[in-house]
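Colleague: I am new to reading protein models. Could you show me how to read one, feature by feature?

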Amino acid sequence: MMDYDADHRLATRVGKLRRHWRWIVGGAGACAGAALLVSLFSPKIYRATTYIMVSESKIGSGSGDTPWQQMATLPTFVPFVDNDALIRESLEKFHLDRPPYNLTAERFRRRGYLDVQIPKSTRLLEVDIEFPNARLAADFANDLAKRAVQFNDRMNAADTSSTRDFLKKQLEEATERLTKAAAQRLKIQQEAHMEDREKELSILLAEKERLSTHLEQLRLALAQDQSRTKALKQALAGQPRTYELKKSVTADRFLERAVEKMNLSGAPLSMTEESLNATRETIQQDLVKATVDAAAEMAGSKEAEARLGEVGRQISRLLAQITALRNDLERAEQNYSLAYEAVKRASHEYQNASVTVTSKSQDLKQVAPAIVPERPVRPRTVLNTLLGFILGGMLFVSLALIIENVREMRHSGLFSLEEVEQIVAKKD
């Protein structure tokens with residue numbers, strides 16, 4: 001039932017609109033004619049298109065970015081073209097800032113003369129210039145693309161120059177540090193006198209070795225002499241100071257026969273002699289010599305020990321000085337090596353500054369210069385006329401429906417005649 005009522009109301013309205021088809025069609029035709037006249041008398045707009053390719057530099061190893069990363073950075077190059085400074089320069093070049101155009105960068109943007117797009121899956125910037133003059137549109141697009149390329153080149157040159165200046169400053173600082181390190185190293189070498197100190201150390205070490213050997217010999221000789229002295233004392237204690245010797249004439253057979261022939265009766269035939277013990281004297285002399293030698297060796301040992309201690313202290317002091325000086329020399333040498341490597345690296349970077357900066361930059365190239373367009377892109381006469389007809393028809397259909405609705409409401413008593421006439425007048 002509800003669908004039947006809706007269809008019935010729709011059919012009723014369509015039937016009512018048939019009574020107004022003449023002035024609906026006439027009104028739509030009038031709107032189409034108005035749109036046609038407006039399109040014919042509107043200024044023609046021409047579109048000139050050029051393309052700028054964004055590519056990596058062919059110098060050096062490049063930035064190493066993946067293609068997806070490079071594609072993601074393409075929007076950063078739009079300001080290289082859509083740039084107020086470049087637009088103003090191009091306007092001044094073609095005298096568009098003068099009558100009859102009187103364009104500024106702001107007016108140029110507000111009127112939509114410039115459009116920069118990035119075609120999908122490309123590394124291109126599409127530059128569209130829409131302008132009433134076809135020649136000016138093409139020339140303006142080419143000039144703007146050329147200025148964008150030159151602007152990119154100037155930026156790369158400025159980056160190279162600033163990088164070279166920075167690297168040059170670093171090279172000068174590294175050279176200054178190298179000079180200071182070399183002077184410091186030379187000063188330490190001159191003050192250290194390492195050769196003299198090492199020669200002195202060698203002499204002291206040789207003396208220490210000689211004293212050590214001599215001290216060992218003295219200690220061994222002292223031990224031997226002390227043992228010898230002890231043995232001699234024991235031997236000396238067992239020896240008598242003198243010997244008593246009794247001699248008898250009859251002890252010798254020849255003397256006995258001679259005495260018998262001489263017939264010496266009553267005369268003593270024996271005698272007693274007392275003499276020093278030669279063995280004891282020899283032992284005592286050896287004892288005295290051993291005691292003297294032991295005393296001399298004792299004194300020599302003490303002197304050698306004192307000298308050895310002094311030499312040891314001198315060696316320790318000299319070793320501490322040499323160690324400290326060697327540390328200073330090694331530190332100075334290390335500082336010099338680091339400064340030299342820094343100068344070498346800074347010099348290499350300074351020499352390759354241009355290649356390094358260029359390899360990390362992006363190049364802009366105009367790959368498709370704009371040509372003078374032959375047909376305007378606006379206004380579209382046929383499309384505008386058709387749209388005018390459709391919109392006009394829709395407008396008059398709406399007016400016809402409003403009028404019919406008002407009449408129905410008047411018949412039903414909702415509105416007075418004067419109100420209906422006022423509503424119709426307002427709609428007309």
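Modeller: We will take a few features in turn, with a case for each.

Modeller: One caution comes before the rest. This is a predicted model.

Colleague: Let us begin with a helix. Which span should helix α6 have, and how far apart are its end C-alpha atoms?

Modeller: Count the residues and allow 1.5 Å for each. Helix α6 covers residues 134–192, which is 59 residues, so the expected span is 87 Å. The end C-alpha atoms are 86 Å apart, which agrees.

Colleague: What sits at the start of α6?

Modeller: Look at Asn-133. One of its side-chain oxygens comes within 3.0 Å of the backbone nitrogen of Arg-135.

Colleague: And which residue follows α6?

Modeller: His-193 follows the helix, and its phi is positive, near 50°. This is a positive value in a residue other than glycine. His-193 belongs to the loop between α6 and α7 (194–237). With a relative accessible area of 47%, His-193 is partly exposed.

Colleague: Where else is there a positive phi in a residue other than glycine?

Modeller: Ser-121 is one case, with phi near 60°. Find Ser-121 in the loop between β2 and β3. Is Ser-121 buried or exposed? The relative accessible area is 65%, so Ser-121 is exposed.

Colleague: Now the backbone again. Which peptide bond is cis, with omega near 5°?

Modeller: The bond from Pro-99 to Pro-100 is the cis one. Pro-100 lies in the loop between α4 and α5.

Colleague: Next, charges. What is the general idea?

Modeller: Side chains of opposite charge can pair when their charged atoms come close. A salt bridge here needs a side-chain nitrogen of Lys or Arg within 4 Å of a carboxyl oxygen of Asp or Glu. The count comes to 14 salt bridges.

Colleague: Which parts of the chain does the pair of Asp-143 and Lys-93 link?

Modeller: The two side chains meet in a salt bridge, 2.9 Å from N to O. The pair joins distant parts of the chain: Asp-143 is in helix α6, Lys-93 is in helix α4 (residues 84–93), and they are 50 residues apart. Now check the surroundings. Asp-143 has 6% relative accessibility, so it counts as buried. Lys-93 has 44%, so it is partly exposed. The pair also belongs to a network of salt bridges linking Glu-89, Lys-93, Asp-143 and Arg-147.

Colleague: How many residues separate Arg-307 and Glu-310 in helix α9?

Modeller: They are 3 residues apart in helix α9 (residues 278–351), which means a separation of about one helical turn. Their side chains meet in a salt bridge at 3.5 Å, N to O. Arg-307 is partly exposed at 27% relative accessibility. Glu-310 is partly exposed too, at 34%.

Colleague: What about Arg-331 and Asp-328?

Modeller: Both lie in helix α9, 3 residues apart, about one turn of the helix. The closest N and O atoms of their salt bridge are 2.5 Å apart.

Colleague: What do I check when two rings meet?

Modeller: Check the distance between centres and the angle between planes. The count comes to 7 aromatic pairs. Take Tyr-113 and Phe-131: the centres are 5.1 Å apart and the planes stand at 65°, so the pair is edge-to-face. Tyr-113 lies in the loop between α5 (105–110) and β2 (114–117), and Phe-131 in strand β3 (residues 124–131), so the pair ties together parts 18 residues apart in sequence. Both Tyr-113 and Phe-131 are buried.

Colleague: Which residues do ring pairs link into a cluster?

Modeller: The cluster holds Phe-94, Tyr-101, Phe-108, Tyr-113, Phe-131 and Phe-140.

Colleague: Last, the surface. Which helices each supply at least two residues of the nonpolar patch?

Modeller: They are α2 (21–41) and α11 (381–411). The largest share, 7 residues, comes from α11. Among the patch members are Trp-21, Val-25, Leu-383 and Met-394, and the patch as a whole has about 860 Å² of accessible area. Met-394 sits in helix α11. At 53% relative accessibility, Met-394 counts as exposed.

Note on methods. Residues numbered from 1 in each chain as written. Predicted model: local features only at pLDDT ≥ 70, side-chain atom pairs only at ≥ 80, totals over all residues. Heavy atoms only, no water. Patch = residues over 30% accessible without salt bridge, like charges linked within 9 Å, V, L, I, M, F, W, Y side chains within 5 Å. Areas by Shrake-Rupley, 256 points an atom, 1.4 Å probe, with all protein chains shown as cover. Helix = DSSP H or I, 4+ residues; strand = E, 2+ residues; numbered from the N terminus. Buried < 20%, exposed > 50% of the residue type's maximum accessible area, 1.4 Å probe, protein only. Expected span 1.5 Å × (residues − 1). Polar contact = N/O pair within 3.5 Å; in protein donor to acceptor, adjacent residues only side chain to side chain. Phe/Tyr/Trp six-rings, centres within 6.5 Å; stacked < 30°, edge-to-face > 60°.
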